[in-house]
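This report describes a single protein chain for a reader working at the bench. Please consult the sequence and the structure alongside the text.

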Amino acid sequence: MNSNNFRMPARRLAAVATVTALAAGPAVLGAGAAHATGDHGRASAVVLRTGLDVSLLNKTVNVPLAVTLNEVQAPRSAEKTALTARLDGVAGGRPFAVLGAEAAQSRATVTSRLAEGSVRVAHARLHVPGLPLLSLVEVGTVTAKATCEAGKRPVAAANVLGAVTVLGKRVTLTAGGPTEVKVPGVGEVRLDLSRHSTTSRTAAATALELKVSVNPLRLNVAEVEGTITLARATCESPTAPPSGHPVPSHDPAAGTKPQDAPAKTDTAPGTKPQGSRGDLAETGGNPATPYIAGGALVLVLVGGGAVAVARRRRS
């Protein structure tokens with residue numbers, strides 16, 4: 001009776017040990033598996049972006065003017081040529097022109113190997129609140145382009161072509177530094193020409209960046225201060241694609257050969273091949289061997305203990 005009662009727990013204990021030993025090996029071996037992921041990069045482009053503070057004549061209210069034209073992120077493009085805005089207390093609440101152009105295009109594209117942003121604006125006229133008839137800036141053609149290709153150094157370029165007029169005054173821009181234009185009774189504008197920067201994976205180009213400080217005293221506007229960006233493009237390189245070489249697998253089943261596959265030997269005819277470590281590796285040895293041996297040892301110990309206990313109870 002005691003023997004029958006003991007056998008069932010012993011069998012259960014052996015089964016539990018077997019399942020634990022067999023499950024632990026694959027779980028540990030599978031922990032090292034890796035999966036590669038790819039990044040297609042990023043690109044953006046914008047024709048115009050403003051960050052202006054507009055003070056009304058009573059000097060008690062500051063109204064922000066933050067607008068954009070043709071701002072896109074890959075994969076998109078836009079070709080609007082005009083931008084208007086409304087501000088409470090300015091021009092009686094009616095819309096006023098911020099930018100007008102004959103052509104204004106922004107484009108951002110991304111592929112597995114290339115990210116690129118580009119902008120082109122032709123014959124642009126930029127206005128700020130309080131100066132409805134006098135253009136802040138008039139420019140012929142501006143372009144900006146940022147190209148990021150996987151595995152290559154990013155490239156950024158920006159150009160201003162044709163005549164440039166600031167607050168009614170024709171100016172000559174230089175790449176050596178900013179150009180400042182002051183008009184008595186109206187204000188001043190500082191222009192930075194063709195700014196660009198690159199890193200190992202990113203690029204950015206801006207055709208014109210303006211720092212504005214004007215006091216028009218018209219349309220209930222006292223002062224306009226802030227920055228304006230005309231034609232900006234950015235990009236970030238995609239990660240380089242895999243080289244094509246297979247990634248080493250941590251799967252214990254990978255690379256094993258059938259047990260009955262004949263081993264290659266270099267023994268002379270008529271002699272019996274000798275065993276070696278290389279032969280053992282070809283007959284199925286792999287990283288799972290320690291776990292299998294450990295499981296077998298657990299089973300032997302459990303079985304031996306069960307037999308010993310059974311014998312004691314019988315005696």
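The sections below move from the chain as a whole to individual elements and residues.

## Overall composition and confidence

The structure is a predicted model. The mean pLDDT of the protein chain is 76, and 63% of its residues reach 70 or more. Two stretches have pLDDT under 50 throughout. Residues 249-269 form one such stretch, for which the model has 17 contacts beyond four places in sequence. Residues 271-284 form another, with 11 contacts beyond four places in sequence.

The secondary structure of the protein chain consists of three helices and 16 strands. Of its 315 residues, 34% count as buried. The chain exposes about 18900 Å², and carbon and sulfur atoms supply 55% of that area. Among contacts between residues at least 6 apart in sequence, 61% join residues at least 24 apart.

## The disulfide

The structure holds one disulfide. It is formed by Cys 148 and Cys 235, whose sulfur atoms are 2.0 Å apart. Cys 148 lies in strand 10 (residues 137-149) and Cys 235 in strand 16 (residues 221-236), so the pair ties together parts that are 87 residues apart in sequence.

The torsion about the S-S bond of Cys 148 and Cys 235 is about 70 degrees, and the disulfide is therefore right-handed. Both ends of the link are described by their accessibility: Cys 148 is buried, with a relative accessible area of 0%, and Cys 235 also counts as buried, at 5% relative accessibility.

## Nonpolar core

In soluble globular proteins, nonpolar side chains tend to be buried together. Here the largest nonpolar core has 66 residues, and those with the most contacts inside it are Leu 48 and Leu 136.

With residues up to four places away in sequence left out, Leu 136 touches Leu 126, His 127 and Val 128, as well as Thr 165, Val 166 and Leu 167. Its other partners beyond that range are Val 189, Leu 210, Val 212, Val 214 and Ile 228.

## Strand 7 and its partners

Strand 7 (residues 96-100) is largely enclosed by the rest of the structure, because four of its five residues are buried. Strand 7 pairs in the antiparallel sense with strand 6 (residues 82-85) over four bridges. In this region, Phe 96 of strand 7 is the bridge partner of Ala 85.

Strand 7 also pairs in the antiparallel sense with strand 9 (residues 114-126), over two bridges. Leu 99 stands opposite Leu 126 in strand 9. Leu 126 appears again among the residues touched by Leu 136.

## Thr 179 in strand 13

Thr 179 is found in strand 13 (residues 179-183). With a relative accessible area of 13%, Thr 179 is buried. Neighbours within four places in sequence aside, Thr 179 is in contact with Thr 172, Leu 173 and Thr 174, and with Val 189, Arg 190 and Leu 191. Val 189 is also one of the residues that Leu 136 touches.

## The loop between strands 15 and 16

Leu 219 is located in the loop between strand 15 (202-214) and strand 16. Leu 219 is partly exposed, its relative accessible area being 36%. Its C-alpha atom is separated by 7.7 Å from that of Pro 129, a residue 90 places away along the chain. Beyond its neighbours within four places in sequence, Leu 219 is in contact with Gly 89, Val 90 and Ala 91, and also with Gly 130 and Pro 132.

Asn 220 lies in the loop between strand 15 and strand 16 as well. Asn 220 is partly exposed, with a relative accessible area of 34%.

## Backbone geometry

Most residues other than glycine have a negative phi, and most peptide bonds are trans. Against that background, several sites deserve attention. Phi of Asn 220 is near 65 degrees, a positive value in a residue other than glycine. His 123, likewise not a glycine, has a positive phi of about 55 degrees. His 123 sits in strand 9 and counts as partly exposed at 40% relative accessibility.

A cis peptide bond joins Ala 74 and Pro 75, with omega about -10 degrees. Pro 75 lies in the loop between strand 4 (72-73) and strand 5 (76-78).

Notes. Residues are numbered from 1 along each chain as its sequence is written. This is a predicted model: local features need pLDDT of at least 70, side-chain atom pairs count only at pLDDT 80 or more; totals for chains, interfaces and linings use all residues. Side-chain values use heavy atoms; hydrogens and water are left out. A disulfide is a pair of cysteine sulfur atoms within 2.5 Å. Buried means under 20% relative accessible area, exposed over 50%, partly exposed in between (1.4 Å probe, protein chains only). Contact means heavy atoms within 4.5 Å. Two strands pair if DSSP finds at least two bridges between them. A nonpolar core is a set of buried Ala, Val, Leu, Ile, Met, Phe, Trp, Tyr and Cys residues joined through side-chain atoms within 4.5 Å. Accessible areas come from the Shrake-Rupley method with a 1.4 Å probe; for residues, only the protein chains shown count as cover. pLDDT is the predictor's confidence in each residue, from 0 to 100.
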